[in-house]
Amino acid sequence: MGPEDLDQVLKELPIPKDPKVLVGLDTSDDAGVYQLNEEVALVQTVDFFTPIVDDPFTFGQVAVANALSDVYAMGGTPLTGMNLVAFPIKTLPSSILKEILLGGLSKMKEAGVALVGGHTIEDPEIKYGLAVTGIVHPDKILTNAKARVGDKLVLTKPLGTGIISTALKAGMASQEAVRKIVESMVTLNRTAAEWMKKLGAHACTDITGFGFIGHVLEMATASRVGVVIHSGDVPVFPEAVEYARMGLIPGGAHSNQDFFSCKVEIRSDVQNLLVDIFYDPQTSGGLLISVPSSEAEKLIATLKKEGHGHSSIVGEVVEEPVGKIRLL
Amino acid sequence: MAVLDCRGLACPQPVVSTKQALDQIKEGELMVIVNNASSCNNVERFALSQGCSVKIREAGEDFYVHIHKAVGEDVRKATQPDLKAKKVAVYINSQHLGSGDEDLGSFLMKAFLKTLLDFETQPNRIILVNSGVQLAAEGSKVLETLQMLSEKGVEIICCGTCVDFYELKGKVKVGRISNMYEIIDSMLEADRVIRP
C-alpha cells in the first residue's frame, strides 16, 4: 500500500500507550519490540506480497529473506516464523505452492529460524510471506531514531529491484538483470547486521517498499536530523537506469515520489533517472546503517569481504534541514 | 489512427500494450488512453525511448497520450544490427589522448570525440575517470561535442570520486555522476571497450 493511503488509515487508530512497548508505530520502524524482562525483548514483524519473479522456489526464498530483514534491521535475532499464504488452489497446481514453501523453508533453515506454523487462504492472486518473532537485548535495539549528526550512512545492497521486476513482468528484462536482482534479494541481511552491531552503529533500517528516499526520510524524521545523499555513490543496478528510461516503473515508485518529494531538495545536476530509482520500491533491500564516521570505512571493507560487495557510503547525517534530504 | 484504451490496466500492461502496438506500425500515429498519472508517465517515457514524439492531453481523469512514430526508425534499426546488438563502451582515463606532449594530447582528444560524431552510429557509453572527468566540466573545450554525443543517445558517466578530487562538484555540465561499481559493470557488460 502506498505511503499516503497507509498514513490516512493509521492516523486515526487510537492505540493505547504501553510502557513495555519499546518500539511501536510512532517511529515507523521496521519491527515492533516488546520488553519481556531486563535481558530480553520480543521483536515482531510480518511481511507478505505477490510474486515478483517467475520461479516459485526463488519467490519463496525472496519472501522469507525480505521478512527476516526487519528483525536484523532492529539488531535482533529471528527465532520463529509462521507462513502466510494466499493461493488459487482450484486453478493452479499445488506443486507450485509446494515449491514456494520449499523455497521459504530453505531460507529459514539458512537463517536458523524454525517454521512453527502458518495460515493459508484461497485467493485468485498468489501471495506469500512470513510472520517472524525474534529477540533482542532491550539496551541494544537498533531503531531508526538514533542517527547522530556526523554519522556516515552506509547502504549494503544496490537499488532497482522494483523497476527490474516490472521490466520482467513486461517481458523486457534481460536474464542478466534478473539474475542480479535475484542474487541480491535472496541474500540475508544477517551478516551485515552482525557487523554493524560490532562496529557500534547508531541507527538502522532496511530499504523496502517506500524506496530508498522513503526509508532514509523515516530515519531522518525519527532521529530529528537532516541527511545529505551523494547520488553518484548510491549503488544501483545499471539495467534499472535503462528500464526507467523506458517507463518500466512500478506504480509504487510514483506513489512514493508523490508522498516524499516535498521533503527532498535535489541539486540540478542529479540525473532524473537516478532519482526514479531512489523512489523505486525495493523488495528484500539492503540495510541503511547510520554509523560513526570513524567506523564507516572499516564497515564497508568488512562487508565487501563478507559477500556484500556493493556496500557503499552514500551520505552523511547533518543538523539541517531536519527531517529532509539534500540530494547532491 | 489506432487507439489503445489502457484505462484500468495494471502496470506494466500499458507499456507492454504500447510496445506491441508500436511494433506493428512502420510510421504513423497511436493514441494511448490511460487513467492515472503514473501510467501516463510510463507510456510517455517508453514512446520517447523508442524515438517517437509525444503529446499529452488531459481530459477529466483520463490522459490521452498521442504518439507519433517517424519513418526510418525501423529502417535505421534494420541496417545497423551490429552496433545495436553489440554494446560498445569508450573508456577515457585522461583529458589528454596518448602520452607525451599535453597540448598535443588535448588536441587529439578533441579530434577523437569530434570524429566519433561523424560515424553513423555511436558507442553506448563514454566512461570518464581521473582527469577524463574534466572533459565534461565547466570550461572544457569539448563540452559542445560531448553534448552532441549525448543528444545522439550516448550515455556519458563520470567517476564521482574523480569529480570530487578535481573539485568539480556542481561543475559537471554533461552526463551524470557514477561510481566504481557502475563503471566496472559497464566494462564487463560491453562487447567492446575502446580506450583512445
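Which strands of chain A does α3(A) lie across? Keep that in mind while I set the scene. This is a predicted model.

Start with the layout. The domain assignment splits chain A into domain 1, residues 14-140, and domain 2, residues 152-327. Their C-alpha centres are 22 Å apart. Domain 1 of chain A puts 18 residues into the contact, and domain 2 of chain A puts in 20.

Now the sheet. Six strands of chain A make an open sheet. The order is β1-β2-β3-β6-β4-β5, with mixed pairing. β1 (21-23) and β5 (114-122) of chain A sit at the edges. Each has a single partner strand, so one side of each has no neighbour in the sheet. On average, neighbouring strands are turned by 20 degrees against each other, ignoring direction.

Take one pair. β2 (residues 32-35) and β3 (residues 41-49) of chain A run antiparallel, joined by four bridges. Find Val33(A): its bridge partner in β3(A) is Val43(A).

Next, the helices. α3(A) lies across β4, β5 and β6 of chain A. That answers the opening question. α3(A) runs at about 175 degrees to β4(A). α2(A) lies across β3, β4 (77-87) and β6 (127-136) of chain A. Its angle to β6(A) is about 30 degrees.

Back to the domain contact. Which elements give two or more residues to the side of domain 1 of chain A that touches domain 2 of chain A? They are α2 (56-73) and α3 (94-111) of chain A. α2(A) supplies the largest share of that side, ten residues. By type, the residues of that side are eight nonpolar, seven polar and three charged.

Methods. Residues numbered from 1 in each chain as written. Chains lettered and ligands numbered in written order. Predicted model: local features only at pLDDT ≥ 70, side-chain atom pairs only at ≥ 80, totals over all residues. Domains from an automatic or database assignment. Contact = placed C-beta atoms within 7 Å. Nonpolar A, V, L, I, M, F, W, Y, C, P; charged D, E, K, R; others polar. Pairing = 2+ DSSP bridges. Axes fitted to C-alpha atoms, helices over the stretch in contact; angles between N-to-C directions.
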